[in-house]
Amino acid sequence: MNRVTVDGAEVRVPKGSTALDAARAVGIDIPTLCHDDRVSPSTACRVCLVEVEGFARPVAACGFEVCDGSVVRTNTASIRRAREGVLRFLAREYPMAEARAYPEKPFHKLLAEYQLINERNGEIATSLVDDSNPYFVFNPAACIECYKCVKICDEVEGAFVWQIVGKRGESRVVPDSLSTLAQSSCKSCGACVEGCPTSALLDKTRIESGVPDAWKRTTCPYCGVGCELFAGTKNGRLIQSLPVRDAPVNKGHLCVKGRYAHQYVHADDRITKPMIRRGGEFVEVSWDEALELVASRFREMRDANGPDSIGVLGSARAPNEDNYVTQKFARVVIGTNNVDCCARVCHAPTGTAMKQLLGTGAATNSYDDIEVAKTILVSGSNPTENHPIVGERIKQAALKGAKLIVVDPRKIELARFAEVHLQIHPGTNVPLYNAMANVLLEEGLYDKEFAERRIAEMDEFRQAVSEWTAEKAAEVCGVSAEDIRRASRLFATHTPAMSVHGLGMTEHLQGTEGVMCLVNLALLTGNIGKPGAGVNPLRGQNNVQGSGHMGCEPRSLTGFVPLTDAAAKFSARWGVQVSDRPGLTSMEMLDAARDGTLKAMWIIGYDLYLSNPNAAESREAFEQMEFVVVQDMFMNETAREFAHVFLPAASSFEREGTFMNAERRVQLIRKVIEPPGEAKSDWEIVQEVANRMGYQEGFAFTSAEEIWDEVRELWPEGAGLSYRRLRVEGIQWPCPDEDHPGTKVMHTEEFPFGVKTKLRAIPYIPTPEVTDERFPMLLNTGRNLYQFNAATMTDRTKNREIRPTDTLDIHPEDAKRLGIRSGSKVRIVSRYGDAEIGVRLDSRVRRGELFATFHDARILLNRVTSNVRDRKVKSPEYKVTAVRVEPISN
């Protein structure tokens with residue numbers, strides 16, 4: 001530590017601290033314009049000048065590293081004169097009307113403080129203002145060339161959009177398109193806008209709605225990263241969101257969705273009253289009428305056909321508390337384990353695989369391990385689009401020296417920064433990871449000490465993978481044997497090595513088994529139970545980890561404990577006999593509906609028809625059902641086509657509760673605005689139906705916190721996660737009591753079932769979905785940065801202006817062979833159906849392979865996808881469908 005004196009106050013600061021750090025440590029605020037704590041100092045603006053004893057001239061506090069004994073003076077008369085001189089220079093051509101219009105901007109505050117705001121300087125040339133981005137404007141006339149936007153874009157977002165052009169003294173900042181923002185590579189994350197000290201970059205919401213008059217801390221409603229944000233409101237409307245700077249997850253950053261895509265809460269087509277379908281049309285009714293109909297129909301069907309004739313689906317977009325009440329309703333009131341959620345179509349394979357091998361079906365480590373890891377293996381995931389904040393952290397780690405291995409059929413953005421990119425054919429994960437395990441064993445690269453302590457039956461596993469030479473896997477996977485060896489050696493020797501994976505691992509015939517192979521690699525290399533390592537799934541939706549963990553899972557109860565292990569415990573707490581017979585998955589529910597045995601479904605916050613594969617089979621199932629209840633914010637495709645009752649739900653900005661992110665962190669969501677009209681929280685609706693079906697006891701909750709306390713009572717690993725603690729900061733489970741700090745790294749000494757685990761020998765079983773003369777190409781599907789799953793939320797924001805519809809990405813040579821031009825419309829035809837979609841030429845996909853997004857209900861891409869399912873947990877194989885592409889003549 002260095003001893004430093006700042007304006008007469010002595011303070012000790014860590015070595016490497018700047019004069020700015022020392023001043024802040026004693027509570028002295030030195031003005032800055034170009035500085036941001038998230039990036040390296042640039043000292044460009046010179047506003048933070050201070051005097052340091054022993055130096056003849058003032059220095060920039062943000063870049064001056066103090067030493068032991070440094071004496072710093074921050075507010076002398078000469079320093080104030082120097083700052084005024086700097087400000088006058090920066091304001092020499094500044095349009096002062098901007099300072100008066102936006103007085104909250106840091107530069108404008110300083111102009112006012114130094115009484116420079118009324119000086120006549122420059123004017124705005126409106127022809128130069130770039131408003132091509134849907135969310136913010138760029139006004140070059142208000143740029144003071146502090147280059148803060150450049151630093152933030154480079155070192156936080158890693159997009160490198162802002163460029164400095166021109167000679168010294170005549171330089172200016174422009175987008176990388178050298179034209180408009182709309183034509184640039186900008187991802188609209190808005191970090192540069194938030195950081196801009198002037199009005200050169202300004203949110204359109206600021207221009208249109210002014211400054212929020214209230215802020216509340218809450219959690220983002222989009223992907224499973226779980227970013228924290230401050231939601232700003234004015235006159236009861238949500239108008240702005242900003243990242244929480246000290247949030248452990250996002251560390252002061254948000255993506256385009258988290259920062260801007262929140263206006264869906266005020267969308268004109270928001271459903272605000274209950275509705276019942278009569279004569280083929282929905283009509284608005286009272287809550288009493290709607291709830292009475294739901295309760296009476298469920299009661300009749302349960303009594304006439306048995307409890308297993310009804311299925312209930314929780315929501316990965318809803319809080320933990322709402323999902324807990326949902327599954328409790330299914331098991332207590334209906335009497336069935338037919339309860340599931342959308343984890344079924346994404347990470348159910350992960351949960352099962354990791355539970356079997358490691359004892360817990362969740363991430364072993366934390367996002368902070370990204371910065372600790374020396375090697376990061378990214379498998380079947382495109383994080384910079386699907387989990388942008390984690391993706392940018394991975395990218396920044398690679399830029400700072402971490403080795404990156406990317407396994408993906410496409411040349412995703414992270415592949416540009418990878419040491420090795422294994423561009424495998426879709427569906428060949430198992431051969432690849434078996435071969436990598438074989439390389440580790442053959443070359444003696446596995447961690448022998450860890451294997452001795454923590455792995456059982458190594459010899460059996462060695463024998464099982466011995467057939468998978470690098471050469472054999474290379475032929476199946478479509479990559480070189482040498483690249484397989486390079487990746488294996490890197491993962492084993494450049495440690496700690498961390499693995500992250502996504503739906504490219506799970507949405508396959510062998511999704512569960514593929515994740516097991518990934519866990520095998522981590523165990524073999526000793527990359528379990530230590531910082532910078534582990535197996536870490538990137539979960540798709542904001543609370544998909546939590547919804548399953550709360551018990552919206554047909555084979556598990558709250559805490560993801562098997563029915564067979566915990567049914568008696570839950571029966572005692574709930575006062576009813578809970579069956580230990582597994583229920584149906586969401587996919588099996590539709591099978592049962594087609595067979596005539598499942599008669600009704602209650603679907604909460606999930607557009608099942610749009611999301612499920614093979615839409616023709618889904619339609620057939622829904623048309624067989626006698627009663628369908630949909631509960632959501634908007635009239636989704638499932639409701640529009642099949643629902644008998646629609647119940648309006650509150651958004652996450654309109655209720656209290658908790659989300660659980662992909663690193664096992666439980667975080668509060670807070671009520672920011674009132675629900676519109678008569679919309680209610682999901683748990684309130686479910687509880688009212690339970691009451692009307694005769695179940696008051698156990699369904700008399702008065703708050704989300706009360707529900708959560710019951711969860712904690714039944715879930716020992718979450719017992720310490722009280723709202724009192726969560727109001728301060730999110731905490732990672734296991735957290736068994738309120739004195740426990742939470743768990744950043746799991747399995748450090750042992751697994752839940754003991755010290756040792758067994759590796760799993762996984763045979764390769766090729767998907768039956770193969771190409772032939774009629775269907776010569778393979779289609780892979782996935783998400784896009786600007787749209788989110790069924791687009792229920794994002795399609796009601798300005799994100800639609802950036803990404804208005806889905807596209808089919810095809811290699812230029814394939815397009816030329818088929819006579820297809822970029823932007824033209826084609827028909828994709830599979831063995832299951834067809835869909836029409838626009839084409840985008842993209843050399844990132846391999847010849848003979850295609851990639852399409854699935855967000856647009858008008859296209860309904862899932863008319864094409866197959867009915868192949870994971871062998872273990874029945875998740876759909878969205879990643880491999882044999883198709884042909886037919887041009888559509890105009």
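**Loops, helix crossings and spaces in a predicted model**

User: Where along the chain is the place of Asp7?
Analyst: Asp7 belongs to a loop that links two strands. Helices (H or I, at least four residues) and strands (E, at least two) are DSSP runs, numbered from the N terminus. With those labels, the loop that holds Asp7 is the one between strand S1 (2-6) and strand S2 (9-13).

User: Before we go on, what kind of model is this, and which pLDDT limits apply?
Analyst: Residues are numbered from 1 along each chain as its sequence is written, and side-chain values use heavy atoms, with hydrogens and water left out. This is a predicted model in which totals for chains, interfaces and linings use all residues, local features need pLDDT of at least 70, and side-chain atom pairs count only at pLDDT 80 or more.

User: Thanks! What is the phi of Asp7?
Analyst: Asp7 is not a glycine, yet its phi is positive. The value is about 50 degrees.

User: Which residue does Thr495 join through a cis peptide bond?
Analyst: The omega of this bond is about 5 degrees. The partner lies in the loop between helix H18 (481-493) and strand S21 (497-501). That partner is Pro496.

User: And what is omega for the cis peptide bond of Trp733 and Pro734?
Analyst: Pro734 lies in the loop between strand S30 (731-732) and strand S31 (757-758). Its cis bond to Trp733 has an omega of about 0 degrees.

User: How far apart in space are Asp483 and Leu422, C-alpha to C-alpha?
Analyst: Asp483 is found in helix H18. Contact means heavy atoms within 4.5 Å, and, leaving aside residues up to four places away in sequence, Asp483 touches Val420 and Leu422. Asp483 and Leu422 are 61 residues apart in sequence, while in space their separation is 7.0 Å.

User: How are H11 and H20 oriented to each other?
Analyst: Axes are lines fitted to C-alpha atoms, for helices over the stretch in contact, and angles run from 0 to 180 degrees between N-to-C directions. Helix H11 (residues 348-358) and helix H20 (residues 511-524) have axes 8 Å apart and an angle of about 45 degrees. Angles under 35 degrees count as roughly parallel, over 145 as roughly antiparallel, 65 to 115 as roughly perpendicular and the rest as oblique. The angle therefore makes H11, relative to H20, oblique.

User: How many charged residues are in the contact of H11 with H20?
Analyst: The contact includes Ala353, Met354 and Leu357 of H11 and Val515, Met516 and Val519 of H20. Ala, Val, Leu, Ile, Met, Phe, Trp, Tyr, Cys and Pro count as nonpolar, Asp, Glu, Lys and Arg as charged, and the others, Gly among them, as polar. The contact has 9 nonpolar and 6 polar residues, and the number of charged ones is none: no charged residues.

User: What is the handedness of the crossing of H9 and H27?
Analyst: Helix H9 (residues 287-305) and helix H27 (residues 682-692) pack at about 60 degrees with axes 9 Å apart, and they are therefore oblique to each other. A crossing is left-handed if the near helix is turned anticlockwise from the far one by less than a right angle, and right-handed if clockwise. For H9 passing H27, the crossing is right-handed.

User: How many charged residues does the contact of H9 with H27 have?
Analyst: On the H9 side, the residues include Asp288, Glu292 and Arg299, and these meet a set in H27 that includes Glu688 and Arg692. By class there are 6 nonpolar residues and no polar ones, and the charged residues number 5.

User: How much space lies in the largest pocket?
Analyst: On a 1 Å grid over the protein atoms alone, a cavity is a set of points where a 1.4 Å probe fits but cannot get out, and a pocket is an open set with protein on both sides within 12 Å along at least five of seven lines; lining residues have an atom within 4 Å of a point. Grid points are joined across faces, edges and corners, and a volume is the space filled by probe spheres set on the points. The largest pocket is lined by 29 residues, with Glu104, Lys105, Pro106, Glu194 and Cys196 nearest its centre. Its space comes to about 790 Å³.

User: How many cavities of 30 Å³ or more does the structure hold?
Analyst: One of the cavities, the second largest, has about 130 Å³ of space. The structure's count of cavities of 30 Å³ or more is 14.
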